[in-house]
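Please open the structure in your viewer and keep the sequence panel beside it, since this tour moves from one selection to the next. At each stop, make the selection first and then read what is there.

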Amino acid sequence: MAKRRRNEELVKAVGKRLRELRLTKGLSQDEVYIDTDIHIARMEMGRYNITISTLSDLCDYYGINLKDFFDNLN
């Protein structure tokens, strides 16, 4: 079986950006879960390699597009 690819630095940067978006909206992780049915805690901590589909759903929820998400990635 091939080894899964994982860029730790990128996964952590995505998590940090997701947390920033959530806090900017004044939401708790529980509120995001209730509204989206997506558990974001491990994503925000950089422990979970999020799928592009899930990221797209979260971007829609936060009212931004994927381009803006990645343009502002730290």
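Before the first selection, one term is needed: a helix here is a DSSP run of H or I with at least four residues, and helices are numbered from the N terminus. Please also keep in mind throughout that this is a predicted model.

**The whole chain**

Begin with the entire protein chain shown as a cartoon, where you can find five helices and zero strands, so that, by the DSSP assignment of helices and strands, the pattern read along the sequence is α-α-α-α-α. If you show the C-alpha atoms alone, they fill a box of roughly 40 × 25 × 20 Å, taken along the principal axes. For 74 residues, a compact globule would have a radius of gyration near 11 Å, and the 12 Å of the protein chain agrees with this.

Now switch on the surface, of which the protein chain exposes about 5400 Å², with carbon and sulfur atoms supplying 48% of that area. Buried residues make up 28% of the 74 residues. Among contacts between residues at least 6 apart in sequence, 63% join residues at least 24 apart.

**Helix α1 and a nonpolar patch**

Select residues 8-24, which are helix α1, and find Leu10 within this helix. Leu10 counts as partly exposed because its relative accessibility is 41%, and buried would require under 20% while exposed would require over 50%. Add Ile52 and Phe70 to the selection, and you will see the residues that together with Leu10 make a nonpolar surface patch of about 280 Å².

Stay in helix α1 and select Glu9, which also has its place there. Glu9 counts as exposed because its relative accessibility is 69%. If you draw a distance from Glu9 to His39, the C-alpha atoms are 21 Å apart in space, while the two residues are 30 apart in sequence.

**The nonpolar core**

Which residues touch the most other members of the largest nonpolar core? Select Leu18, Ile40, Met43, Ile50, Leu58, Tyr62 and Phe69, which hold that place among the 14 residues of the core. The elements that give two or more residues to this core are α1 and α4, the latter covering residues 52-62. Helix α4 supplies the largest share, four residues. As a general background, nonpolar side chains in soluble globular proteins tend to be buried together.

Next, centre the view on Ile50 and show its surroundings. Not counting residues up to four places away in sequence, Ile50 touches Val14, Leu18, Met43, Leu55 and Leu58.

**Three salt bridges**

Counting every side-chain nitrogen of Lys or Arg within 4 Å of a carboxyl oxygen of Asp or Glu, there are three salt bridges to visit.

For the first stop, select Arg6 and Glu8, whose side chains meet in a salt bridge at 2.6 Å, N to O. Arg6 counts as partly exposed because its relative accessibility is 35%, and Glu8 is likewise partly exposed, with a relative accessible area of 39%.

For the next stop, select Glu44 and Arg22, whose side chains meet at 2.7 Å, N to O. This pair links distant parts of the chain, with Glu44 in helix α3 (residues 41-44) and Arg22 in helix α1, 22 residues apart. Are these two residues buried or exposed? Glu44 is buried, with a relative accessible area of 8%, and Arg22 counts as buried too, at 7% relative accessibility. Show what surrounds Glu44 and, leaving aside neighbours within four places in sequence, you will find contacts with Gly15, Lys16, Leu18, Arg19, Arg22 and Gln29.

For the remaining stop, select Lys67 and Asp71, which form a salt bridge whose closest N and O atoms are 2.7 Å apart. Both residues lie in helix α5 (residues 66-71), four residues apart, which is about one turn of the helix. Lys67 counts as exposed because its relative accessibility is 56%.

**A loop residue**

Finish by selecting Asp37, which is found in the loop between α2 (29-36) and α3. The phi angle of Asp37 is near 65 degrees, a positive value in a residue other than glycine. Asp37 is exposed, with a relative accessible area of 58%.

Methods: Residues are numbered from 1 along each chain as its sequence is written. This is a predicted model: local features need pLDDT of at least 70, side-chain atom pairs count only at pLDDT 80 or more; totals for chains, interfaces and linings use all residues. Side-chain values use heavy atoms; hydrogens and water are left out. Patches are made of residues with over 30% relative accessible area and no salt bridge: like charges are joined within 9 Å, nonpolar side chains (Val, Leu, Ile, Met, Phe, Trp, Tyr) within 5 Å. Accessible areas come from the Shrake-Rupley method with a 1.4 Å probe; for residues, only the protein chains shown count as cover. Buried means under 20% relative accessible area, exposed over 50%, partly exposed in between (1.4 Å probe, protein chains only). The radius of gyration is taken over C-alpha atoms; the globule rule is 2.2 Å times the number of residues to the power 0.38. Contact means heavy atoms within 4.5 Å. A nonpolar core is a set of buried Ala, Val, Leu, Ile, Met, Phe, Trp, Tyr and Cys residues joined through side-chain atoms within 4.5 Å.
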